[in-house]
Amino acid sequence: MSLAYAECPLDVRESLAAQYFVGAIRDEETQLSARLLDFTDLKSALAYSMKFESAKTASKISIHARSITTEDDDWRERDDKFESLLKALEKLVNSLAAEQNVPRRNPNVTCWKCFKKGHVQRACHIFT
């Protein structure tokens, strides 16, 4: 827009950009709604159209949702299974975090500080 309409003021270029953007929206309902609001800048036109599309999508999803009925015991069993899986996951995460903090020992590497084998310079305990 800056190159095509270089002689126009900034507010006119912004208005034209918003009009072209609204005209390029493929969904007729979104385009009509954006045209009725008559945006003067591209940023607000984009923000509104994104909000409109997300609200429209969310309303379509909620219409097709259906409720289910289950016995209370089923939920208790699922909750117990979920809790046990959650505890196992926490143990795994904690063990991985502990492994990352422990420096790996490789007998083939040589430290550049003390020139001993088995560790690297950043894990050297002599000069720290």
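These legends walk through several close-up views of a predicted model.

**Figure 1. The whole chain, an all-helix fold with 4 helices and 0 strands.** Welcome to the predicted model. Reading along the sequence, you meet the pattern α-α-α-α. Of the 128 residues in the chain, 15% are buried. The chain exposes about 11100 Å², and carbon and sulfur atoms supply 58% of that area. Among the contacts with a separation of 6 or more, 21% join residues that are 24 or more positions apart. The views that follow take up individual parts of the chain.

**Figure 2. The two sides of helix 2, residues 28-37.** Which residues of this helix are buried? They are Thr30, Gln31, Ser33 and Ala34. These four cover an arc of only 165 degrees around the axis, so they sit on the same side of helix 2. Turn to the other side of the helix and you find Glu28, Leu32 and Leu36, which are exposed. As background, an α-helix has 3.6 residues a turn, so residues three or four places apart point the same way.

**Figure 3. A closer look at Gln31 in helix 2.** Is this glutamine buried or exposed? Gln31 counts as buried because its relative accessibility is 17%, and the cut-off for buried is under 20%. Leaving aside residues up to four places away in sequence, Gln31 touches Val22, Gly23, Ala24 and Ile25.

**Figure 4. Lys56 of helix 3 and its contacts with Asp27, Glu29 and Thr30.** Helix 3 spans residues 42-64 and holds Lys56. With a relative accessibility of 15%, Lys56 counts as buried. What does this lysine touch, if residues up to four places away in sequence are not counted? The answer is Asp27, Glu29 and Thr30. Thr30 is itself one of the buried residues of helix 2. Lys56 and Glu29 are 27 residues apart along the chain, and 9.8 Å separates their C-alpha atoms.

**Figure 5. An aromatic cluster of Phe39, Tyr48 and Phe52, linked by ring pairs.** How many aromatic pairs does a search of the whole structure find? There are 2. Phe39 and Tyr48 form a tilted pair, because their planes lie at 45 degrees, with ring centres 5.5 Å apart. Tyr48 also pairs with Phe52, again in a tilted arrangement, at 6.0 Å centre to centre and 35 degrees between the planes. Tyr48 and Phe52 are 4 residues apart in helix 3, so about one helical turn separates them. As for cover, Phe39 is buried with a relative accessible area of 17%, whereas Tyr48 is partly exposed at 24%. For readers new to such views, a pair of aromatic rings is described by the distance of the centres and the angle of the planes.

**Figure 6. Asp38, in the loop between helix 2 and helix 3.** Asp38 follows helix 2. What is notable about the phi of this residue? Its value is near 50 degrees, which is positive in a residue other than glycine. Asp38 is also exposed, with a relative accessible area of 57%.

**Figure 7. Phe115, in the segment after helix 4.** Here is another residue with a backbone angle to look at. Phe115 is not a glycine, yet its phi is positive, about 60 degrees. Is its side of the story a buried or an exposed one? Phe115 counts as exposed, because its relative accessibility is 64% and the cut-off for exposed is over 50%.

**Figure 8. A nonpolar patch on the surface, made of Phe82, Leu86, Leu89, Leu92, Val93 and Leu96.** Together these residues have about 540 Å² of accessible area. One of them, Val93, is found in helix 4, which runs over residues 72-101. How accessible is Val93, and what is it called on that basis? Its relative accessible area of 46% makes Val93 partly exposed, since that class lies between under 20% for buried and over 50% for exposed.

Notes:
Residues numbered from 1 in each chain as written. Predicted model: local features only at pLDDT ≥ 70, side-chain atom pairs only at ≥ 80, totals over all residues. Heavy atoms only, no water. Patch = residues over 30% accessible without salt bridge, like charges linked within 9 Å, V, L, I, M, F, W, Y side chains within 5 Å. Areas by Shrake-Rupley, 256 points an atom, 1.4 Å probe, with all protein chains shown as cover. Salt bridge = Lys/Arg side-chain N within 4 Å of Asp/Glu carboxyl O. Buried < 20%, exposed > 50% of the residue type's maximum accessible area, 1.4 Å probe, protein only. Contact = heavy atoms within 4.5 Å. Arc of directions from axis to C-beta. Phe/Tyr/Trp six-rings, centres within 6.5 Å; stacked < 30°, edge-to-face > 60°.
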